[in-house]
Amino acid sequence: MSFFQPQRRKLLSLFGLGAASAVGAALLPRSQNRSVAALDASPKSSLWAKRDDVNLGQALHPFQGISQWLNSDPLRVADLQGKVVLVQFWTFGCINSQRTLPYVTRWHQQYADQGLQVIGVHTPEFKYEHNASNVQKALEEYQIAYPVPLDNNYQTWKAYRNRYWPHLFLTSREGVITYHHIGEGAYQATEQTIQALLG
């Protein structure tokens, strides 16, 4: 299997609910790990803690090879200075992605005025998901108002060394990737991290 081969991570069936919540907490820097430290109780979470694989500590990557931006003009990393950025890799046909959307859209609504910028990088799995009009219908169905770049050629996906739908990355206001979570779950830990980064 190629490193970049996409996968839909079924954390609950593989490791159980506790490990799903532990992923985010295990990867938080100590300074950001106050209220979620207790979640990191499972040794299984160490399976995910490979910093090189998940870009932790690196700068926000440019959005490469984007065929079109929906809900926004094209954004550059320079446009995001001073913001906490949530980069969400998703595709509308993925049930795991669909189940995370209510949380991501709520975070956008609740925290945008405080400096959170959500960017939903849509990287398709199937041919029909490459079609911009199909993605637009999904944005309307799920009431997604944040910017959605169409990563049909997987260039941004590869820049992040990503392999999963959904996959969330959070950066600090300084533009450093501080947190990530693969799959469903860990919603409380993710929101607590957003709050901590917004300060």
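These are my notebook entries on two helices and a few backbone oddities in a predicted model.

**Entry: H4**

I started with helix H4, residues 95-111. At 1.5 Å a residue, its 17 residues should span 24 Å, and I find the end C-alpha atoms 25 Å apart, which agrees. I then looked for a bend and found a kink of about 35 degrees at leucine 101, shortly before proline 102. Leucine 101 is also on my list of buried residues in H4. Among the others there are Asn96, Ser97, Val104, Thr105 and His108.

Stepping back towards the N terminus, I stopped at glycine 93, in the loop between strand S3 (84-90) and H4. Glycine 93 has 25% relative accessibility, so I noted it as partly exposed. I also checked its distance to valine 135: the two are 42 residues apart in sequence, with their C-alpha atoms 9.5 Å apart in space.

**Entry: H7**

Next came helix H7, residues 187-198. Its 12 residues should span 16 Å at 1.5 Å a residue, and the end C-alpha atoms are 16 Å apart, so expectation and model agree. How many of its 12 residues are buried? I get 9, so H7 is largely enclosed by the rest of the structure. The buried set includes Ala189, Gln192, Thr193 and Leu197.

Both flanks of H7 caught my eye. In the loop between strand S8 (177-182) and H7 sits alanine 186, which has a positive phi of about 55 degrees although it is not a glycine. Its relative accessible area is 5%, under the 20% cut-off, so alanine 186 is buried. Just after H7, glycine 199 takes a positive phi of about 70 degrees.

**Entry: H4 against H7**

How do the two helices cross? Their axes come within 12 Å, at roughly 20 degrees. That angle is under 35 degrees, so H4 counts as roughly parallel to H7. The crossing is right-handed. From H4, the contact residues are Arg99, Thr100, Tyr103, Arg106, Trp107, Gln110 and Tyr111. H7 contributes Tyr187, Thr190, Glu191, Ile194, Gln195 and Leu198. I cross-checked burial: Thr100, Trp107 and Tyr111 are buried in H4, as are Tyr187, Thr190, Glu191, Ile194 and Leu198 in H7.

**Entry: two more loops**

I went on to tyrosine 154, in the loop between strand S5 (148-150) and helix H6 (155-159). Its phi is near 65 degrees, a positive value in a residue other than glycine. At 16% relative accessibility, tyrosine 154 counts as buried.

My last stop was proline 166, in the loop between strand S6 (164-165) and strand S7 (167-171). The peptide bond leading to it from tryptophan 165 is cis, with omega near -20 degrees.

Definitions and conventions: Residues are numbered from 1 along each chain as its sequence is written. This is a predicted model: local features need pLDDT of at least 70, side-chain atom pairs count only at pLDDT 80 or more; totals for chains, interfaces and linings use all residues. Side-chain values use heavy atoms; hydrogens and water are left out. Helices (H or I, at least four residues) and strands (E, at least two) are DSSP runs, numbered from the N terminus. The expected span of a helix is 1.5 Å times one less than its number of residues. Buried means under 20% relative accessible area, exposed over 50%, partly exposed in between (1.4 Å probe, protein chains only). The bend at a residue is the angle between axes fitted to the seven residues ending there and the seven starting there. Axes are lines fitted to C-alpha atoms, for helices over the stretch in contact, and angles run from 0 to 180 degrees between N-to-C directions. Angles under 35 degrees count as roughly parallel, over 145 as roughly antiparallel, 65 to 115 as roughly perpendicular and the rest as oblique. A crossing is left-handed if the near helix is turned anticlockwise from the far one by less than a right angle, and right-handed if clockwise. Contact means heavy atoms within 4.5 Å.
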